[in-house]
Amino acid sequence: MSKQVLIAGAGVGGLAAAVASARAGWQPRVFEQAGSFTEAGAGIQLGPNATRLLEAWGLGPALEQVAAFPLRLAVRSAGSGEVLAQLPLGPSALERYGAPYATLHRADLHRLLLGGAQAAGAELLVDARIDRARETADGVLVSLAGAAQEIEGDALVGADGLWSSVRQQFWADGAPAPTGHLAYRALLAQRDLPAHLRSDEVAVWLGPRLHVVTYPVHRGEWLNVVAIVHGSATGDLQPWDLAAAGADLQQALGVTCTTLQDLVRAAPAWRLWVLHARPPLQGGQAMARGRVALVGDAAHPMRPYLAQGAGMAIEDAQELGRCLAMAADQIADVPTVLRRYALNRWERCARVQRQAERNGRIFHATGPVQWGRDLSLRLLGERLLDQPWLYR
Ligand SMILES: Cc1cc2nc3c(=O)[nH]c(=O)nc-3n(C[C@H](O)[C@H](O)[C@H](O)COP(=O)(O)OP(=O)(O)OC[C@H]3O[C@@H](n4cnc5c(N)ncnc54)[C@H](O)[C@@H]3O)c2cc1C
């Protein structure tokens with residue numbers, strides 16, 4: 001009989017872990033607390049490091065059907081709209097890295113992974129919140145909310161996101177901290193926009209204490225806009241999708257170029273994320289212990305300024321599958337392969353967490369630092385923007 005991996009959460013990380021562990025010869029059982037397998041709106045960028053894995057899992061054709069493949073990344077001044085630097089993407093990314101740079105609607109990515117998990121034979125349950133979990137001498141036991149019986153497996157994967165309860169039960173290291181940044185996001189139908197607002201590029205608009213990212217999603221039919229500003233929100237901070245007002249955003253952005261102002265006005269609705277993060281991982285013990293492992297935001301929540309949170313979750317899943325295969329083949333026991341998974345992943349994830357934090361400081365620079373940044377971007381352009389260590 002195949003070994004069973006119990007997976008808490010059916011976000012990008014949980015579904016990717018289901019695909020990879022099924023490919024490794026395990027039987028995945030995914031438990032999702034929500035009543036249906038859905039993902040909130042807005043967009044997501046996936047670098048070649050992540051799309052390469054989707055292709056390896058046979059999901060390349062599905063990706064091609066729903067994604068956009070922008071031709072360039074342009075860094076612009078939020079004040080003037082001027083292009084400070086650019087990096088060719090499209091065929092150029094494909095040539096450099098052997099896989100595309102894609103931008104997607106989150107729901108499209110989610111559906112694509114869900115299809116992959118179903119096709120791989122994963123068992124998927126909704127309305128199934130994992131409340132408690134414990135390790136026994138030769139397995140794991142989880143209890144679902146409202147159910148008396150425990151469910152047994154050979155390993156438990158916490159893919160339950162930023163507020164991971166698996167992490168709290170096994171690591172008990174407190175809650176993630178607010179970063180002091182707010183993310184406003186909106187989706188705009190490109191066909192309804194005047195020509196000067198339509199776009200087929202990834203654009204990052206830099207201003208003092210703010211940046212705005214725009215890119216096409218859903219085959220280019222929609223434009224995703226994310227504006228990051230400094231600020232805090234009160235009340236229940238856990239939902240990452242609070243209703244937000246465009247007027248608040250306009251005030252937070254202050255004086256920007258007319259294109260950005262027009263975009264803010266053109267959006268039919270804004271939603272708000274209160275951004276949280278944890279410090280970079282310090283070692284493998286933070287990602288696995290015994291028969292329990294963490295993937296994605298449960299393990300390494302990060303600021304979204306390198307656009308790699310979901311990318312790292314997909315990479316985690318691939319490495320988890322590679323290591324689980326050793327236990328399926330009886331080469332090593334489950335705790336050993338999970339330890340190996342964590343040792344192989346933590347340093348890269350920590351580097352991405354650090355780089356994302358650094359990007360935030362650079363993007364939001366003011367005064368002489370901002371001046372130096374813009375000069376470097378103009379002089380070094382592509383050399384500053386390309387990230388071979390990450391995409392390769
Ligand atoms: C503004 C913003 C922009 C971003 N842009 C990008 C980008 O361009 N590219 C990129 O790669 N990343 C980006 N990210 C990061 C990315 O969204 C996350 O890293 C990614 O969604 C994490 O996936 P996950 O599966 O680990 O967690 P989640 O997506 O949070 O999924 C966790 C799942 O677990 C479920 N769950 C929770 N607790 C339980 C429980 N006890 N039992 C059962 N189920 C449970 C939840 O309902 C949820 O479905 C961005 C993030 C933000 C905030």
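## Helices α1 and α9

The crossing of helices α1 and α9 is right-handed, and it is a good place to start a tour of this predicted model. Helix α1 covers residues 12–23 and helix α9 covers residues 309–328; their axes come within 8 Å and cross at roughly 25°. Angles under 35 degrees count as roughly parallel, and therefore α1 and α9 are roughly parallel to each other.

Which residues in α1 and α9 meet? On the α1 side they are Val12, Gly13, Ala16, Ala17, Val19, Ala20, Ser21 and Arg23. Their counterparts in α9 are Ala310, Ala313, Ile314, Asp316, Ala317, Gln318, Leu320, Gly321 and Leu324. Sorted by character, the residues of this contact comprise 11 nonpolar, 4 polar and 2 charged.

## Strand β11 and its partners

Next comes strand β11, made of residues 155–158, which is covered on both faces. Ala155 and Val157 lie on one side, Leu156 and Gly158 on the other, and all of them are buried.

Two pairings of β11 are worth following in the viewer. With strand β1 (residues 4–8), β11 pairs in the parallel sense over 4 bridges, and here Val5 stands opposite Ala155. With strand β19 (residues 292–294), β11 also pairs in the parallel sense, over 3 bridges, and Leu156 stands opposite Val292 of β19. Ala155 and Leu156, the β11 residues named in these pairs, are thus on opposite sides of the strand, and both are buried.

## A three-stranded antiparallel sheet

An open sheet of 3 strands follows the order β8-β9-β10, and its pairing is antiparallel. What is left at the edges of this sheet? Both β8 (130–135) and β10 (150–153) stand there with a single partner strand, so one side of each has no neighbour in the sheet. If direction is ignored, neighbouring strands of the sheet are turned by 25° against each other on average.

Looking at one of the pairings in detail, β8 and strand β9 (residues 140–144) run antiparallel and are joined by 5 bridges. Glu135 stands opposite Val140 of β9.

## The β4–β5 hairpin

Strand β4 (residues 72–77) and strand β5 (residues 83–88) run antiparallel, with 5 bridges joining them. In this pairing, Arg72 stands opposite Pro88 of β5.

The two strands β4 and β5 form a hairpin with 5 residues between them. In the turn you will find Gly81, whose phi is positive at about 85°.

## Positive phi outside glycine

Most residues other than glycine have a negative phi. With that in mind, two loop residues deserve a look. Ala172 is not a glycine, and yet its phi is positive, at about 45°. You can find Ala172 in the loop between α6 (165–170) and β12 (177–189). Is Ala172 buried or exposed? Ala172 has 7 other C-beta atoms within 10 Å, so it is exposed; the cut-off for that label is 12 or fewer.

Arg209 likewise has a positive phi, of about 60°, although it is not a glycine. Its place is the loop between β13 (202–207) and β14 (210–217). Arg209 has 17 C-beta neighbours inside 10 Å and therefore counts as partly exposed, since a residue needs 20 or more to be buried.

Technical notes:
Residues are numbered from 1 along each chain as its sequence is written. This is a predicted model: local features need pLDDT of at least 70, side-chain atom pairs count only at pLDDT 80 or more; totals for chains, interfaces and linings use all residues. Axes are lines fitted to C-alpha atoms, for helices over the stretch in contact, and angles run from 0 to 180 degrees between N-to-C directions. Angles under 35 degrees count as roughly parallel, over 145 as roughly antiparallel, 65 to 115 as roughly perpendicular and the rest as oblique. A crossing is left-handed if the near helix is turned anticlockwise from the far one by less than a right angle, and right-handed if clockwise. Two residues are in contact if their C-beta atoms, placed from the backbone, lie within 7 Å. Ala, Val, Leu, Ile, Met, Phe, Trp, Tyr, Cys and Pro count as nonpolar, Asp, Glu, Lys and Arg as charged, and the others, Gly among them, as polar. Two strands pair if DSSP finds at least two bridges between them.
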